[in-house]
Amino acid sequence: MSYKLTDQTAQLSINGSIYTLPIIEGTMGDRAIDISNLLQESGYITLDSGYKNTGSCTSTITYLDGNKGILRYRGYEIEELADNCSFVEVAYLLLHDGLPNVSELESFKGLIERFALIHEDMIHFFDHFPSHASPMSILSVMVNSLVNYYPELSDDPMDDIDITSTRLLSKIRTIAAFSYKKSMGHPLVYPRNDLSYCGNFLNMMFDKPVKPYVVRPEVVATLNKLLILHADHEQNCSTSTVRLVGSAGVNLYAAISAGITALWGPLHGGANEAVVDMLETIYADDCNFEKYISKAKDRNDPFRLSGFGHRVYKTYDPRGKIIKKACDEILNVLEVSDPLLDLAYQLEEIVLKDEYFVERNLYPNVDFYSGIIYRAIGIPTNMFTVMFALGRLPGWISQWKEMHGDPATRIGRPRQVYLGEKPRDFIPLEERE
Ligand code: SDX
């Protein structure tokens, strides 16, 4: 991908030497200092813990403006996509850089139907996880294991990438639902080709021989919206993990398995589970908001308000706004009254008026309300982050594809500043005190 060089440069003065660094500009006017040759020219590296100030790549997939609360996939506003598309349409958009026409969508859906089953041998894997095993650990293991059933994958990672990626998009849904059924001791429900992507998932999760599950269009629509809102988010922790692991040349499934593991963290995708745990704790503690807000503000207390704050958004996360509205709507449709929703509304109201949070631009993020919807649908708390992974999968794959398609891609290998011991003489074991 070629970026636009501006006529501006950055001048770096070190010990009297001046280094001129090009300033590049992205499509939306986002600018960066290109330090690709800094070490070679100056002998210096840069240091940026957490990469708060560092771009790892150029990308054409997702654009977000953290100050204005803008999020676009391939140039389309997230609000438009969430209101007008199915998740499968958006997955196609991310993977192929354009919304599908009718025939493209039909053939994409056909591939998803074709790949919905997992090898029967893989089903035995579930028998060997303890019943309390984390669904995220199971998901990561099962996705990584898929490569063993498709040995051709270990050659050129980009070979047949459309088949490879659609296969995973379809199977991850089956793996997630099967792991739930196994954890409940219920018989597996196999995918059905007469159901949509989300309808199939819901049916595989909740259908029972004794009580057939009714796939409600409102629930399907809400799940589509949630998965769309989670589908990509430029170079977040798990996507950067997929790119870094992928840059070593491993197959797609191994790189995605690493991304699932990164997403598991409570500071990242695991926050949707942590939000509900936090709300339940506050609810059980007589809704003592003051106690938990002061804990969150106390630098010596590791407690943070899950679902608030974001590395990039310094205003309300646009996804959070849409999810909050969808949450209200689906709970009304399902006639579910969840005390945690009222609690969440109250907590948000208090936080958004509190100077500590206001001056740090800490707003609700994508994870603050999503778990309340999952609860209303019947998804267990320990599967909330699995739902995030299902949504994020097309984004991870599209970023992995883009990385492999970029001739400038090299294996990711950051540097460091060494603060360890200076050279010291070796002491043989027998002489050590
Ligand atoms: C996701 O990157 C992405 O795009 C991620 C994501 C995606 O779609 O992929 O959007 C998904 O991961 C959303 C974030 C989910 N995580 C949480 O909700 C966990 C709670 N949030 C925080 O831990 C935190 O806000 C992070 C991790 C999200 C962001 O951390 P940063 O950017 O490293 O910011 P920071 O920790 O340096 O915080 C700056 C200040 C600090 O206070 P001071 O040092 O200035 O005194 O804000 C405070 C922090 O203590 N702060 C919080 C807080 N978040 C930040 N204080 C209380 N509660 C919080 N939630």
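Let's start with one pair of residues: K4 has E25, in strand 2, as its bridge partner. Keep in mind as you look around that this model is predicted.

**The sheet**

K4 and E25 are a way into a wider pattern, in which strand 1 pairs with strand 2 (residues 17-25) in the antiparallel sense over eight bridges. In general, the strands of a sheet pair through backbone hydrogen bonds, either parallel or antiparallel. Here the sheet is open and has three strands in the order 1-2-3, with antiparallel pairing. Which strands stand at the edges? They are strand 1 (4-14) and strand 3 (31-33), and each has a single partner strand, so one side of each is left without a neighbour in the sheet. From one strand to the next, the twist averages 25 degrees.

**The cysteines**

How many disulfides does the structure hold? The count is zero. For C57, the reason is distance: a disulfide needs two cysteine sulfur atoms within 2.5 Å, and the closest cysteine sulfur to that of C57, in C237, is 14 Å away, too far for a bond. C287 is in no disulfide either. The table puts C57 and C287 side by side.

| Cysteine | Nearest cysteine sulfur | Relative accessibility |
|---|---|---|
| C57 | C237, 14 Å | 32%, partly exposed |
| C287 | C327, 17 Å | 29%, partly exposed |

**A residue in helix 9**

Finally, find A221 in helix 9 (residues 217-229). A221 counts as partly exposed because its relative accessibility is 45%, and the cut-off for exposed is over 50%. A221 and F87 are 134 residues apart in sequence, yet their C-alpha atoms are 9.4 Å apart in space.

Key. Residues numbered from 1 in each chain as written. Predicted model: local features only at pLDDT ≥ 70, side-chain atom pairs only at ≥ 80, totals over all residues. Heavy atoms only, no water. Buried < 20%, exposed > 50% of the residue type's maximum accessible area, 1.4 Å probe, protein only. Helix = DSSP H or I, 4+ residues; strand = E, 2+ residues; numbered from the N terminus. Pairing = 2+ DSSP bridges. Axes fitted to C-alpha atoms, helices over the stretch in contact; angles between N-to-C directions.
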